[in-house]
Amino acid sequence: MMSSEGLVKKLSNDIGGDAAGKIERVEHELQPWEKRCHALADVLDFHKIINTEEKRRGVEALGSEMIGKLSYYERWIVAFANILFQKGILTPSDLAAKMAQVEARAKSQLQGQPNG
């Protein structure tokens, strides 16, 4: 646990300078959902809904445990959702309903049925 003095000097998810093992860099082609996530960030910024600074703060607000469990673009998506919830632009039920639609469409496509 970090002391209160430590919290003032360094956020809990700021691991720069801490002892750590070797970082393995793995170059990979972005998955389609990762490209869409990046495009979403651009759209949200262009329309002045979420700017780069808000996105950064949103990711930092996830805390070190969540940051450690999520991939780079998963962090973005969770941060975007949280910010949109806070701003009243999106509700958790809106998001859940849309996710269910997307899941049903994907299952339908896998089974060779027409899209809905």
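# Briefing: Glu54 and its setting in a six-helix protein

At 18% relative accessibility, Glu54 counts as buried, because the limit for a buried residue is under 20%. The model described here is a predicted one. Its secondary structure consists of 6 helices and 0 strands, and Glu54 belongs to helix α3. The points below begin with the protein as a whole, then turn to two of its helices, to Glu54, to the salt bridges and to a patch on the surface.

**The protein as a whole**

- Along the sequence, the elements follow the pattern α-α-α-α-α-α.
- The protein has 116 residues, of which 20% count as buried.
- About 9,200 Å² of the protein is exposed, and carbon and sulfur atoms supply 58% of that area.
- Of the contacts between residues at least 6 apart in sequence, 53% join residues at least 24 apart.

**Helix α5**

- Helix α5 covers residues 72–86.
- The 15 residues of α5 should span 21 Å at 1.5 Å a residue, and the end C-alpha atoms are 22 Å apart, which agrees.
- The buried residues of α5 are Tyr73, Trp76, Ala79, Phe80, Ala81, Ile83 and Leu84.
- These buried residues pack against three helices, namely α2 (32–46), α3 and α6.
- After α5 comes Gly88, whose phi is positive, near 75°.

**Helix α6**

- Helix α6 spans residues 92–110.
- For the 19 residues of α6, a rise of 1.5 Å a residue predicts a span of 27 Å; the end C-alpha atoms are 27 Å apart, in agreement.
- Gly112 follows α6 and has a positive phi, near 75°.

**Glu54 and its partners**

- Apart from its neighbours within four places in sequence, Glu54 is in contact with Ile49, Ile83 and Lys87.
- One of these partners, Ile83, is among the buried residues of α5.
- The side chains of Glu54 and Lys87 form a salt bridge, with an N to O distance of 2.8 Å.
- This pair links distant parts of the chain, since Glu54 lies in helix α3 and Lys87 in the loop between α5 and α6, 33 residues apart.
- The side chain of Glu54 also counts as making a polar contact with the side chain of Lys87, at 2.8 Å.
- The two partners fall into separate accessibility classes: Glu54 is buried at 18%, whereas Lys87 is partly exposed, with a relative accessible area of 38%.

**Salt bridges within single helices**

- Side chains of opposite charge can pair when their charged atoms come close.
- The count for this model comes to 8 salt bridges.
- Glu53 forms a salt bridge with Arg56, and the closest N and O atoms are 2.2 Å apart.
- Glu53 and Arg56 are separated by about one helical turn, because they stand 3 residues apart in helix α3 (residues 52–60).
- Both members of this pair are partly exposed: Glu53 has a relative accessible area of 37%, and Arg56 has one of 36%.
- A further salt bridge joins the side chains of Lys69 and Glu65, at 3.1 Å from N to O.
- Lys69 and Glu65 are 4 residues apart in helix α4 (residues 63–69), so about one helical turn separates them.
- Lys69 is exposed, with a relative accessible area of 60%, and Glu65 is exposed at 57%.
- Salt bridges with shared partners also join Glu53, Arg56, Arg57 and Glu60 into one network.

**A nonpolar patch on the surface**

- Trp33, Leu40 and Ile77 make a nonpolar surface patch of about 240 Å².
- One member of this patch, Ile77, is placed in helix α5.
- Ile77 counts as partly exposed because its relative accessibility is 37%, a value between the limits of 20% and 50% for that class.
- Helix α5 therefore holds the partly exposed Ile77 as well as a set of buried residues, including Trp76 and Ala79.

Notes:
Residues numbered from 1 in each chain as written. Predicted model: local features only at pLDDT ≥ 70, side-chain atom pairs only at ≥ 80, totals over all residues. Heavy atoms only, no water. Patch = residues over 30% accessible without salt bridge, like charges linked within 9 Å, V, L, I, M, F, W, Y side chains within 5 Å. Areas by Shrake-Rupley, 256 points an atom, 1.4 Å probe, with all protein chains shown as cover. Salt bridge = Lys/Arg side-chain N within 4 Å of Asp/Glu carboxyl O. Helix = DSSP H or I, 4+ residues; strand = E, 2+ residues; numbered from the N terminus. Buried < 20%, exposed > 50% of the residue type's maximum accessible area, 1.4 Å probe, protein only. Contact = heavy atoms within 4.5 Å. Expected span 1.5 Å × (residues − 1). Polar contact = N/O pair within 3.5 Å; in protein donor to acceptor, adjacent residues only side chain to side chain.
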